Structures are given as C-alpha cells and as structure tokens.
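Hi,

Here is the complex I promised to pass on. Have a look at it first, and my notes follow below.

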Number of protein chains: 2
Amino acid sequence: MSLDHNELIQATLCINANFRAVCRQLTQFYNGFLEPTGLQNTQFTMLVTIALMKWGTIMQLAENLQMDQTTLTRGVERLRQQGWVESVPDKEDRRVKHIVLTEAGEKLLKEAFPLWQQAQLAVQDALGAEDAEILLRLLDKVTQVAHED
Amino acid sequence: MSLDHNELIQATLCINANFRAVCRQLTQFYNGFLEPTGLQNTQFTMLVTIALMKWGTIMQLAENLQMDQTTLTRGVERLRQQGWVESVPDKEDRRVKHIVLTEAGEKLLKEAFPLWQQAQLAVQDALGAEDAEILLRLLDKVTQVAHED
DNA sequence: TATTTTTATATGTATATACATGTAAATGAG
DNA sequence: CTCATTTACATGTATATACATATAAAAATA
C-alpha cells in the first residue's frame with residue numbers, strides 16, 4: 001500500500017519545502033543585483049559579518065551566521081583566494097585564525113552595498129513595512145522552533 | 001573609504017540572508033526526523049511530487065518544484081540510483097522521460113510520511129495556526145516579488 | 001524536403017551546505 | 001609534569017543548487 005492522495009497533498013504543504021522554494025527565488029533575485037560585483041549574496045553577507053567583527057575567528061563567524069564551521073572554513077577560503085579577506089594567525093593561540101577584510105575587500109563591499117540595497121528595498125517595498133516586520137518576526141519564531149527540539 | 005557601521009548593520013538585516021539562515025535550521029530539523037529513512041527533506045519532496053504527477057517529466061517536475069531543470073536531472077538521478085524511481089522513455093517523443101515511483105519508492109514514502117508529519121506538526125504547533133497561515137501567505141508574497149522584476 | 005529553430009534532457013563547472021572525521025594545539029586531571 | 005580531554009580549524013565526502021553550454025530530437029519554416 002502506498003500513500004493516499006490526501007497525504008500526498010498534505011506533504012506538498014511542507015513548510016520546509018515552501019521555505020526552500022522561496023529561498024531559491026529570493027537568492028536568485030538578490031544575486032541578480034549583485035552580479036556586477038561577482039559576489040553571491042552569501043559572500044556579501046560573509047564579508048559584512050567579517051567587517052563588523054573586525055578580528056573574528058572562523059568559529060565566531062559560524063556562530064554569528066548560524067552556519068556549520070566547515071561551511072565557513074571553505075567559504076572564507078574562497079574569499080581569501082579572491083583577495084577580499086586575509087587570515088591572520090593569533091599570536092597566543094596557534095589554532096586560531098582571525099579573518100579580516102583586505103583593502104580590496106573593503107572596496108568591493110563599498111561597491112556592492114548599493115546594489116544589495118536595491119534588492120532589499122525592492123523586496124521591502126513590495127512587502128510593505130508592516131508585512132516585512134511580521135515576516136522577520138515569524139522568521140525568528142521559526143528559528144526558535146527548529147532549535148527547541 | 002569603506003562602509004560605515006550603520007550600513008554594515010543595515011546589511012545584516014538582509015531579508016535573503018535571514019531567510020537562508022532560517023532555511024538551514026529548518027532543513028536540519030526536518031532532516032533529523034527523516035533520518036531513519038535515509039531521505040533528505042528535499043528528496044522526500046521530490047518523491048511526493050513524482051507520486052502526485054504519476055507520469056511527469058523532468059521539465060514538469062522542475063516547473064512544479066520551482067527548481068532549475070539541471071538540479072532536477074541530478075536529483076532524480078540520485079533517486080533512481082537508490083531504486084526509488086524509474087525513468088520511462090516516452091513512446092512518441094524520444095527526448096522525453098517520465099519519472100515514476102518504484103514499489104521500493106512507494107514503500108519508502110509510506111515509511112517517511114509519518115516522520116515528516118512529526119516535523120511538520122512540531123513546527124505548526126509551535127507557530128500556532130494563525131501564524132502558520134500568515135507565514136505561508138507571506139512566503140507566497142515574497143515569491144511574487146522575486147518574480148516581478 | 002532541407003534547414004533553422006525550439007525543446008527536453010544532460011554535462012561541465014562552481015558555490016553552498018553539513019556530517020563525520022582528522023590534526024594540531026591548548027587545557028585540565030592526576 | 002604527563003596523559004586525557006577539549007577546542008579550533010581542515011579534509012573527505014555527499015547532497016543541493018544554478019548557470020552556461022552541449023546534444024539530440026521535434027517542430028517550424030523556407
């Protein structure tokens with residue numbers, strides 16, 4: 001025996017699947033705006049976080065971005081290969097590396113910001129201030145859920 | 001000159017970045033429940049869609065799931081290698097392949113459904129009926145936005 | 001009918017992502 | 001101080017994802 005039609009329909013309402021679908025569209029939307037810089041939105045976000053932390057480690061970046069450490073290690077390595085960030089070994093703890101923006105990285109961020117902003121404003125405008133706020137609240141709430149269990 | 005602090009903070013409010021972060025958590029949550037089946041949530045969703053379409057092509061699956069065709073081609077190939085789906089060449093149009101569940105695939109879906117449901121109910125309960133509905137509405141709205149421009 | 005165009009799927013390549021595990025360094029227990 | 005444990009980062013491996021492009025077959029057009 002296999003699943004009946006109702007169950008299949010139910011499964012198409014999967015919150016995660018719907019989230020992922022929206023995420024794919026949204027990512028392509030943002031990436032389209034960032035295209036002139038050669039950055040993906042993910043990389044833009046990493047650079048912004050690195051800029052804000054100024055002297056952050058891989059672990060701290062992973063914590064901040066809620067990503068796996070191994071994902072960050074490789075993501076940062078790509079940024080490094082492009083010359084946008086630099087990895088500075090800690091003097092006291094030889095395991096630790098601090099990630100900092102290079103000048104090229106700062107220049108790139110400066111260039112990317114208004115492009116990112118266009119995408120962000122387009123989404124915010126279309127949603128409306130109210131819904132945008134509700135959305136962020138719900139995103140937060142969903143994160144809580146996924147972390148409880 | 002580089003970005004000032006306010007701009008960096010602004011960029012951390014990136015709707016796409018926040019979406020992606022939630023998506024990562026949510027995916028891990030659902031995958032945790034599905035773990036005994038060896039399925040990822042994405043694969044579960046593909047199988048469900050294949051089951052519903054009964055005789056769908058790669059193109060139709062891509063359309064339904066709002067995924068790139070090339071992503072589907074490879075995803076389906078993995079399902080095929082596991083023996084969960086089968087690819088049947090169309091009689092009239094030799095370019096076309098129809099993807100159908102195998103018996104093993106149906107059995108797996110039957111087994112996976114209640115596990116998926118646990119994850120889904122956990123998220124729905126935690127959100128509450130009202131917020132769950134609002135969330136789905138907003139997800140829809142975001143998709144519209146990303147498609148307009 | 002011969003040629004061009006479109007369509008369906010596949011491949012090359014690259015990023016994003018995480019889990020399991022490895023490695024080296026620091027820390028803690030004895 | 002020595003050995004076990006923890007910590008920080010890296011690597012192996014696998015899926016998810018998409019863009020550019022290839023390929024073959026169908027459809028349209030000259």
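Thr73(A) has a polar side-chain atom 3.3 Å from a phosphate oxygen of DNA strand D. Arg24(A) also goes for the backbone, with a side-chain N or O atom 3.1 Å from a phosphate oxygen of that strand. Arg74(A) reaches a base instead: an N or O atom of its side chain is 2.4 Å from a base oxygen of DNA strand D. The elements giving two or more residues to this surface are helix 2 (15-34), helix 4 (58-65) and helix 5 (69-81) of chain A, plus helix 3 (41-53) and helix 5 (69-81) of chain B. Helices here are DSSP runs (H or I, at least four residues), numbered from the N terminus.

Before you go further, note that this is a predicted model, where local features need pLDDT of at least 70 and side-chain atom pairs count only at pLDDT 80 or more, while totals for chains, interfaces and linings use all residues. Residues are numbered from 1 along each chain as its sequence is written, chains are lettered from A and ligands numbered from 1 in the order in which they are written, and side-chain values use heavy atoms, with hydrogens and water left out.

Back to DNA strand D: 26 residues surround it, the closest being Arg20(A), Arg74(A), Arg95(A), Lys97(A) and Thr70(B). (Near means that a heavy atom of the residue lies within 4 Å.) Of the strand D atoms within 4 Å of the protein, 64% belong to sugar or phosphate and the rest to bases. By class, the residues on this surface are four nonpolar, 10 polar and 12 charged. The charged class is Asp, Glu, Lys and Arg; Ala, Val, Leu, Ile, Met, Phe, Trp, Tyr, Cys and Pro count as nonpolar, and the others, Gly among them, as polar.

What about DNA strand C: which residues are closest to it? They are Thr70(A), Arg20(B), Arg74(B), Arg95(B) and Lys97(B), out of 26 that surround the strand. Sugar and phosphate make up 62% of the strand C atoms that come within 4 Å of the protein. Several chain B side chains get to the bases:

- Arg74(B) puts a polar side-chain atom 2.4 Å from a base oxygen of DNA strand C.
- Arg95(B) has a side-chain N or O atom 2.5 Å from a base oxygen of DNA strand C.
- Gln69(B) has a side-chain N or O atom 2.9 Å from a base nitrogen of DNA strand C.

Now the protein pair. Chain B superposes on chain A by a rotation of 180 degrees with 0.0 Å of shift along the axis (RMSD 0.0 Å), which is the relation of a two-fold axis. The fit is least squares on C-alpha atoms of residues with pLDDT of at least 70 in both copies. The copies meet through the same surface, because 100% of the interface residues of chain B are also interface residues in chain A.

In contact terms (heavy atoms within 4.5 Å), 63 residues of chain B touch 63 of chain A. The two chains bury about 6200 Å² between them, 71% of it on carbon and sulfur atoms. That area is the accessible area (1.4 Å probe) lost on being put together, summed over both parts. In chain B, Ile15(B), Asn16(B) and Gln25(B) lose the most area to chain A, together 10% of what that side buries.

Between the chains there are four salt bridges (a side-chain nitrogen of Lys or Arg within 4 Å of a carboxyl oxygen of Asp or Glu). One of them joins Asp131(B) and Lys141(A), with the closest N and O atoms 2.7 Å apart. Helix 2 of chain B supplies the largest share of the chain B side, 16 residues.

Cheers

How values were computed:
Polar contact = N/O pair within 3.5 Å; in protein donor to acceptor, adjacent residues only side chain to side chain.
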